[in-house]
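Student: Could you take me through one part of this model up close? I'd like a single connected walk rather than a list.

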Amino acid sequence: MKKGGSPHRPADVTPLLDRRTLVTEALMRLAPRLPEFEAETVVDRALRSPGLRGAVPENAAWLALTAFVRHAFTEYDDLLDEGYDRDSARHFVLDDMNAMLAEWGCRRRVFEEAEAGEDDLPEA
């Protein structure tokens with residue numbers, strides 16, 4: 001046994017990856033052309049959100065990514081400020097969101113009836 005090793009685990013077994021690494025890897029698979037500085041913002045959002053802490057990395061990455069796109073790259077917040085309800089505002093920004101996701105190489109798309117955004121998750 002190597003010095004500092006465990007008698008119950010072989011020395012060549014890689015320790016479990018931390019959550020940041022797992023979410024980052026999931027995000028890179030999801031949106032491979034997402035610029036690094038924006039990826040960091042999405043990962044930070046996924047790790048900071050109480051509603052995403054227990055989510056599997058792929059779901060945390062997707063929900064954080066869609067919330068990021070919605071708020072940073074569409075007129076969603078302006079529509080809310082103008083008095084539109086969430087569902088209506090989401091309807092109007094859907095095409096812009098999917099265009100941005102496609103630009104980043106994401107094959108998955110946002111659908112009106114199926115998507116609940118990270119910003120809809122309860123604050124724990």
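**A close look at helix α1**

Tutor: Sure, let's start with the packing: the buried residues of α1 sit against α2 (36-48) and α3 (57-72). Bear in mind that this is a predicted model. Which residues of α1 are the buried ones? They are Val23, Ala26, Leu27 and Leu30. Looking down the axis of α1, you'd find these buried residues within an arc of 100 degrees, so they line one face of the helix.

The helix length checks out too. Helix α1 covers residues 19-30, and with twelve residues at 1.5 Å each it should span 16 Å; the C-alpha atoms at its ends are 16 Å apart, which agrees. At the N-terminal end of α1, Asp18 acts as the cap, with a side-chain oxygen 3.1 Å from the backbone nitrogen of Arg20.

Now hop over to α2, one of the partners of α1. Helix α2 is where you'll find Glu38, which is buried but has no salt bridge. The nearest side chain of opposite charge belongs to Arg33, and that is 11 Å away, whereas the cut-off for a salt bridge is 4 Å. What does Glu38 touch, leaving out residues up to four places away in sequence? Its contacts there are Phe68, Phe73 and Trp104.

Zooming out, the chain has five helices and zero strands, running α-α-α-α-α from the N terminus. Of its 124 residues, 36% are buried. Among contacts with a separation of 6 or more, 61% join residues 24 or more positions apart.

Methods
Residues are numbered from 1 along each chain as its sequence is written. This is a predicted model: local features need pLDDT of at least 70, side-chain atom pairs count only at pLDDT 80 or more; totals for chains, interfaces and linings use all residues. Side-chain values use heavy atoms; hydrogens and water are left out. Helices (H or I, at least four residues) and strands (E, at least two) are DSSP runs, numbered from the N terminus. The expected span of a helix is 1.5 Å times one less than its number of residues. Buried means under 20% relative accessible area, exposed over 50%, partly exposed in between (1.4 Å probe, protein chains only). The arc is that of the directions from the helix axis to the C-beta atoms. Contact means heavy atoms within 4.5 Å. A polar contact is a pair of N or O atoms within 3.5 Å; within protein, one must be able to donate a hydrogen and the other to accept it, and residues adjacent in sequence count only if both atoms are side-chain atoms. Lys and Arg count as positive and Asp and Glu as negative; His and the chain ends are not counted.
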